[in-house]
Structure formats: structure tokens, C-alpha cells
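Open your viewer and keep the selection box handy. We will go from stop to stop, and at each one you will hear what to pick and what to look for.

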Amino acid sequence: MQLDEQMQAERAAQITTAAGEKVLATASTVEQEVRAQLKNGGNRKAAEVVGARIAQKAKRAGIETVAFDRAGYRYHGRVKALADAARERLAMLDEQFAD
């Protein structure tokens with residue numbers, strides 16, 4: 001999973017193949033479903049929503065494991081919130097499918 005923070009008012013994440021040549025899933029605060037849940041696209045809550053959304057999309061695409069590439073950003077704040085939300089959502093989805 002790669003973090004993409006080109007704009008301060010937006011949060012985005014994408015899952016690519018190991019070599020990075022193909023994008024398998026993306027999630028962003030510009031998506032209508034995500035934007036409906038947020039007042040501001042650049043805060044920690046937005047990062048959590050994007051993290052949960054990318055996890056859902058990964059699960060639907062059959063992706064079981066990812067490596068988190070923080071793209072040079074320190075692992076704290078919004079970066080950490082996105083990664084933690086993705087992990088939590090994947091764990092929750094795994095439990096649902098196990099039943």
C-alpha cells in the first residue's frame with residue numbers, strides 16, 4: 001500500500017503490484033462515499049476513513065497481504081491513522097468471512 005499525500009486537503013492510498021507497475025485498488029477523500037462521511041478531507045478522521053476504505057477494496061479484490069510504503073513520511077499522525085484503520089478493518093473483515 002502506498003500513501004499519496006500530494007494535496008494537504010486530500011488523503012489517498014493505493015495498492016499496487018510488488019513492482020509498482022499496476023494499481024490494484026485505490027481509496028481517496030475525493031470519492032463520493034468517503035466525502036459524505038467527512039467535513040474535512042485533510043485531517044486524521046479522513047485518514048482513518050481512507051484506511052478503512054482501502055482495506056474493503058483490497059478484500060474485495062482478493063488481496064491478502066500488503067506492505068505499507070509511507071512514501072518518506074514519518075509514521076505518526078495521519079499516516080499512522082490510515083495504516084491502523086486499514087489493519088483494523090482487514091481484521092474485522094477476516095472475522096466476518098471466517099464465520
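## Starting at a salt bridge

Select Glu33 and Arg53: they form a salt bridge, with the closest N and O atoms 3.3 Å apart. Here a salt bridge means a side-chain nitrogen of Lys or Arg within 4 Å of a carboxyl oxygen of Asp or Glu. Glu33 sits in helix α1 and Arg53 in helix α2, so the pair ties together parts that are 20 residues apart in sequence. Helices (H or I, at least four residues) and strands (E, at least two) are DSSP runs, numbered from the N terminus.

Before moving on, a word about what is on screen. This is a predicted model, with residues numbered from 1 along each chain as its sequence is written. Local features need pLDDT of at least 70 and side-chain atom pairs count only at pLDDT 80 or more, while totals for chains, interfaces and linings use all residues; side-chain values use heavy atoms, leaving out hydrogens and water.

Now colour by pLDDT, the predictor's confidence in each residue, from 0 to 100. The protein chain averages 85, and 89% of the residues score at least 70. Among its elements, strand β1 (residues 2–4) has the lowest mean pLDDT, 56, and β3 the highest, 94.

## Around Arg53

Is Arg53 buried or exposed? Arg53 is buried, with a relative accessible area of 16%; buried means under 20% relative accessible area, exposed over 50%, and partly exposed in between (1.4 Å probe, protein chains only). Its partner Glu33 counts as partly exposed, at 47% relative accessibility.

Add Glu31 to the selection. The side chains of Glu31 and Arg53 also meet in a salt bridge (2.7 Å, N to O). This pair links distant parts of the chain, 22 residues apart: Glu31 is in the loop between β3 (23–28) and α1 (32–35), and Arg53 is in helix α2 (residues 44–60). Select Lys57 too, and you have a network of salt bridges linking Glu31, Glu33, Arg53 and Lys57. The structure holds 6 salt bridges.

## Along helix α2

Next, show the whole of α2. Of its 17 residues, 12 are buried, so the helix is largely enclosed by the rest of the structure. Among the buried ones are Val49, Val50, Ile54 and Lys57.

Try a distance check on the helix ends: the end C-alpha atoms are 25 Å apart, which agrees with the 24 Å that 17 residues should span at 1.5 Å a residue. The expected span is 1.5 Å times one less than the number of residues.

At the N-terminal end, pick Asn43, which caps α2: a side-chain oxygen lies 3.3 Å from the backbone nitrogen of Lys45. Just after α2, find Gly62, with a positive phi of about 80°.

## Helix α3

Move to Arg78, in helix α3 (residues 77–98). A polar atom of the Arg78 side chain lies 2.7 Å from the backbone oxygen of Gly42. Arg78 counts as partly exposed, at 33% relative accessibility.

Further along, select Asp84 and Arg87, a salt bridge with its closest N and O atoms 2.9 Å apart. Being 3 residues apart in helix α3, they are separated by about one helical turn.

## Last stop: the hairpin

Finish with strands β2 (residues 12–16) and β3, which run antiparallel and are joined by 5 bridges; two strands pair if DSSP finds at least two bridges between them. Thr16 stands opposite Val23 in β3. The strands form a hairpin with 6 residues between them, and Gly20 in the turn has a positive phi of about 85°.

Methods: A polar contact is a pair of N or O atoms within 3.5 Å; within protein, one must be able to donate a hydrogen and the other to accept it, and residues adjacent in sequence count only if both atoms are side-chain atoms.
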